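Please open the model in your viewer, with selection by residue number ready, and follow the stops below in order.

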Amino acid sequence: MDEALAEPVVPVRRGWMAWLFAANLGLWLAVYAPIQVLLPQQAELLDKADKEFVFGVVTGAGALVSLLVVPLIGVLSDRTTSRFGRRHPWTLGGAAIGAAGLGVLAGAPTVLVMTIGWCLVQAGIGGMLAALTSAVPDRVPVAQRAQVGGLIGISQMLGTVLGAVVVTLLVSGLSAGYLACAVIVVTGAIFFVFKTPDTQLVVKPVRPTLWISPRAHPDFAWAWSGHLMINLGNAFGTLYLLFFLGDVVRHESPEDGLLVLMALYGAALAAGAVLFGARSDRSGRRKPYVHLAAAVMALAALVLVVWPTWTGALVAAPLLGVGFGTYWAVAIALLTQVLPAASDRAKDLGVLNVANSLPQVIAPLLAAVILANLGGYRGLFAVSALATVLAAVLMSRVRSVV
């Protein structure tokens, strides 16, 4: 068997995990600093009367691009025989394209240019995500994957929190914020690419198809569906958080309030990822932790249904954090254990990552309907809880993973 396709058995070292963490940190910072702070501010600057609509269009268009790019880059990286490695060229190239898109956003004078810039960001970051995610089944043994998944979850959290810090406290202005994100994502990619090895594919595998039959691979289908619903629930709960703080909570400084919530969320996420990721690896069990995570995330959403105040948000944020941290630590392990073929790891993970991107496309459209017709933000958070519970039900149908 080609070495690049063999199931890894040698545990990865802390140095490798640290550089993967750094690259993922830069990736998520470049995504969430714009989504949480910069894009809403820019939408309000360009069209104050319809800021929610503009924000929804821009993020929806970008998510649609990511939806298409991630599996496509997965296919290409699965078949890459470059002497520089199978995944690294796509990691570095994706970071460069994402940084270029952030540069476009920094000077965007219209909603159209803003949309083009964010689509470029999502295309580049999507390619980088496809390559970095594939590093887990490429290099990490099954018994170590929840630990590594926990670090990836922490990197996502820190990217969210540090992104808010960078663009609200360390730099001022939209342009400086976007450019800072560009520098950080490229730096993380460079260090990972030049500090870690990458397997070289000797022979290209048979040309793949993006279609994965649910009948032939039912566990993959159930895992994909559950992953979709938990990300949809998370999108409902977080996409409009800045507007929720300003329009419902009436916080005197929504940006500062968001920073406080992200700090609470982040600390809880790190605790959940480290504690329950390690427990999952030691026990070899995945699904009980997924169910626990979904229950805690649903509870966080329900807190905001019955208590849509600043105090309620302070309670909900750490609940959501510990739930999402637990989920990401264990989900990485579970999802990589149901991949159909070693030769198509990046492609199959790209299809799984559609379940990350698709909610970003449909959530703004569905949220607009919910906000207008189903009780405003209370209704939105109630649907978030329902989607998260449904995710646990779907994940329970996976048979090959305990």
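How many Å separate the centres of domain 1 and domain 2, taken over C-alpha atoms? The separation of the two centres is 19 Å. Before selecting anything else, note that this is a predicted model, in which local features need pLDDT of at least 70 and side-chain atom pairs count only at pLDDT 80 or more, while totals for chains, interfaces and linings use all residues. Residues are numbered from 1 along each chain as its sequence is written, and side-chain values use heavy atoms, with hydrogens and water left out.

**The two domains**

Select residues 12–195 as domain 1 and 218–397 as domain 2; such bounds come from an automatic or database domain assignment. Across the boundary, 47 residues of domain 1 are in contact with 46 residues of domain 2, where contact means heavy atoms within 4.5 Å.

**The largest nonpolar core**

Next, select Leu-39 and Tyr-327, which touch the most other members of the largest nonpolar core, a set of 114 residues. This core takes its largest share, 16 residues, from helix α1 (residues 14–46), and it draws at least three residues from each of domain 1 and domain 2. A nonpolar core here is a set of buried Ala, Val, Leu, Ile, Met, Phe, Trp, Tyr and Cys residues joined through side-chain atoms within 4.5 Å; buried means under 20% relative accessible area, exposed over 50%, and partly exposed in between, with a 1.4 Å probe and protein chains only. Helices are DSSP runs (H or I, at least four residues), numbered from the N terminus.

Keep Tyr-327 displayed and add His-227, Ile-230, Val-290, Ala-293 and Met-395, which it touches when residues up to four places away in sequence are not counted.

**Buried positions, helix by helix**

Move to helix α2 (residues 51–78), where Thr-59 is placed. Thr-59 is buried, with a relative accessible area of 4%, and, leaving out residues up to four places away in sequence, it touches Leu-39, Trp-118, Gln-360 and Pro-364. Ser-66 is also found in helix α2 and counts as buried at 7% relative accessibility; outside its neighbours within four places in sequence, Ser-66 is in contact with Pro-71, Gln-122, Gly-126 and Ser-357.

In helix α5 (residues 145–170), select Ile-154, which is buried with a relative accessible area of 10%. Beyond four places in sequence, Ile-154 touches Phe-21, Leu-269, Ala-270, Ala-273 and Val-274. A distance label between the C-alpha atoms of Ile-154 and Thr-326 should read 10.0 Å, although these residues are 172 residues apart in sequence.

Then go to Met-262, in helix α9 (residues 254–283), which counts as buried at 6% relative accessibility. Its C-alpha atom is separated by 5.4 Å from that of Val-161, 101 residues apart along the chain. Val-161 is also one of the residues that Met-262 touches beyond four places in sequence, together with Gln-36, Thr-160 and Leu-241.

In helix α11 (residues 310–336), select Val-330, which counts as buried at 0% relative accessibility. With residues up to four places away in sequence set aside, Val-330 touches Phe-276, Ser-280, Arg-286, Tyr-289 and Val-290. The C-alpha atoms of Val-330 and Lys-287, 43 residues apart along the chain, are separated by 8.1 Å.

**Two helix pairs**

Two packed helices are described by the angle between their axes and the distance between the axes. Here the axes are lines fitted to C-alpha atoms, for helices over the stretch in contact, and angles run from 0 to 180 degrees between N-to-C directions.

Show α1 with α5: their axes come within 6 Å and cross at roughly 45°. That makes α1 oblique to α5, given that angles under 35 degrees count as roughly parallel, over 145 as roughly antiparallel, 65 to 115 as roughly perpendicular and the rest as oblique.

Now show helix α12 (residues 345–373) with helix α13 (residues 376–395), whose axes come within 7 Å and cross at roughly 130°, so that α12 and α13 are oblique to each other. For the side chains in this pair, display Ala-367, Ile-370 and Leu-371 in α12, which meet Gly-376, Tyr-377, Gly-379, Leu-380 and Val-383 in α13.

**Last stop: a loop**

Finish at Arg-250, in the loop between α8 (241–247) and α9. Arg-250 counts as exposed at 63% relative accessibility, and its phi is near 60°, a positive value in a residue other than glycine.

Technical notes
Helix = DSSP H or I, 4+ residues; strand = E, 2+ residues; numbered from the N terminus.
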